[in-house]
Structures are given as C-alpha cells and as structure tokens.
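I opened my notebook to go through this structure one look-up at a time. Here is what I wrote down along the way.

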Amino acid sequence: MTIDWTHFTPWTSLAGGLLIGLSAAVFILFLGRILGISGIVGGLLKPKTGDWGWRLAFVLGLLAAPWIWSAVIEPVEATIEASTPILILAGLLVGLGTRYGSGCTSGHGVCGLSRLSPRSVVATLAFMATGFLTVYVVRHLLA
C-alpha cells in the first residue's frame, strides 16, 4: 500500500469534516431532526405537507456546494476508474442498502455515533466492513 502524498489534503478534509458536524448540529438545533441524506432524499420522493421545501433546499445545497467550492479553491483532480453502468449500479445498491438500514453513513455514522445509538454503531460497522470487503474483492480477487 502506498499513500498518495500529492493528493493528501488534511486541511481541506478537516474543514469538510467540521462543516459536516456543524451542519448536523445546526440541523438538529433549528429543525429538531437528525441529519441523514438518504432520509432527506427519500422524503422528497414521498413528500409530506410542509416538508418538501427544506428537503429540496438541502439537496440543492448539496449539489451546489462542490461548484461553489471549486470556484474558490482549485479542486483536487479525481480519477474514476469505474464505468458509468457500474457507477449507476453502485448508486442504486447504496440507495437500496440505506433504505434497508434505515439510514446512510451521514445519519448513522455522523449523527448516530455522536448520540451513541447502538443501531448506528452496528450500521456503521456494517458499512465499513462491507466497504473494506468490496474493495478487497474488486481489487484483489476480480482484477
């Protein structure tokens, strides 16, 4: 294993982590809700009265943030080695998994762990183990 020191961005990563934590704190303070991207997006697909506007604003903010950030800071060049069908399949599987797991990495990993939720600990461990196993299988067994 080698570390890509050229693209190692500890300060940018730290700033991103702090902003995610701040967002989760502001979200629960002002809306009284636990921040979870899959739940917010899922709520857009099955809207409730008075619930749709803030969800749409949140998702639009998620989509706009990278463009705004890249206007301020030159983005790190990313290389995606997977094909478009594989990326679409992976996205659908992640979406399906988050629905079965009652949340995603942001809901369980950021908010659930900070609240010491037992189900979030289990979910986060399952996410991490599955990610490690998937990378191992794809890079070492299928390559």
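Before counting who lines what, I fixed two terms: lining residues have an atom within 4 Å of a point of the pocket, and helices are DSSP runs of at least four residues, numbered from the N terminus. I also noted that I am working with a predicted model.

**Entry: the largest pocket.** Which helix gives the largest share of the lining of the largest pocket? I found that α4 does, with nine residues. The whole lining comes to 24 residues, and the pocket's volume is about 970 Å³. I listed α4 (84–100) and α6 (118–141) as helices that each supply at least two residues. Nearest the centre I have Ala 90, Val 94, Gly 131, Thr 134 and Val 135. Sorting this lining by class gave me 13 nonpolar, nine polar and two charged residues.

**Entry: the second largest pocket.** I then turned to the runner-up, whose volume is about 590 Å³. Its lining has 16 residues, and Gly 16, Leu 19, Ile 20, Leu 62 and Ala 65 lie nearest the centre. Here α1 (10–31), α3 and α5 (105–114) each supply at least two residues. How many charged residues are in the lining of the second largest pocket? I counted no charged ones, against eleven nonpolar and five polar.

**Entry: helix α3.** Since α3 had turned up in a lining, I checked its length. The helix runs over residues 52–72, and at 1.5 Å a residue its 21 residues should span 30 Å; the end C-alpha atoms are 30 Å apart, so the two agree. I looked for bends as well, and a kink of about 35° sits at Ala 64, shortly before the proline Pro 66.

**Entry: the salt bridge.** My search for salt bridges returned one. The partners are Arg 55 and Asp 51, with their closest N and O atoms 2.7 Å apart. Are these two buried or exposed? I have both Arg 55 and Asp 51 down as buried, and buried here means under 20% relative accessible area.

**Entry: the whole chain.** Last, I stepped back to the overall picture. I read six helices and zero strands, in the order α-α-α-α-α-α along the sequence. The C-alpha trace spans about 50 × 35 × 30 Å along its principal axes. Of the 143 residues in the chain, 17% are buried, and the salt-bridge partners Arg 55 and Asp 51 are among the buried ones.

Notes:
Residues are numbered from 1 along each chain as its sequence is written. This is a predicted model: local features need pLDDT of at least 70, side-chain atom pairs count only at pLDDT 80 or more; totals for chains, interfaces and linings use all residues. Side-chain values use heavy atoms; hydrogens and water are left out. A salt bridge is a side-chain nitrogen of Lys or Arg within 4 Å of a carboxyl oxygen of Asp or Glu. Buried means under 20% relative accessible area, exposed over 50%, partly exposed in between (1.4 Å probe, protein chains only). The expected span of a helix is 1.5 Å times one less than its number of residues. The bend at a residue is the angle between axes fitted to the seven residues ending there and the seven starting there. On a 1 Å grid over the protein atoms alone, a cavity is a set of points where a 1.4 Å probe fits but cannot get out, and a pocket is an open set with protein on both sides within 12 Å along at least five of seven lines; lining residues have an atom within 4 Å of a point. Grid points are joined across faces, edges and corners, and a volume is the space filled by probe spheres set on the points. Ala, Val, Leu, Ile, Met, Phe, Trp, Tyr, Cys and Pro count as nonpolar, Asp, Glu, Lys and Arg as charged, and the others, Gly among them, as polar.
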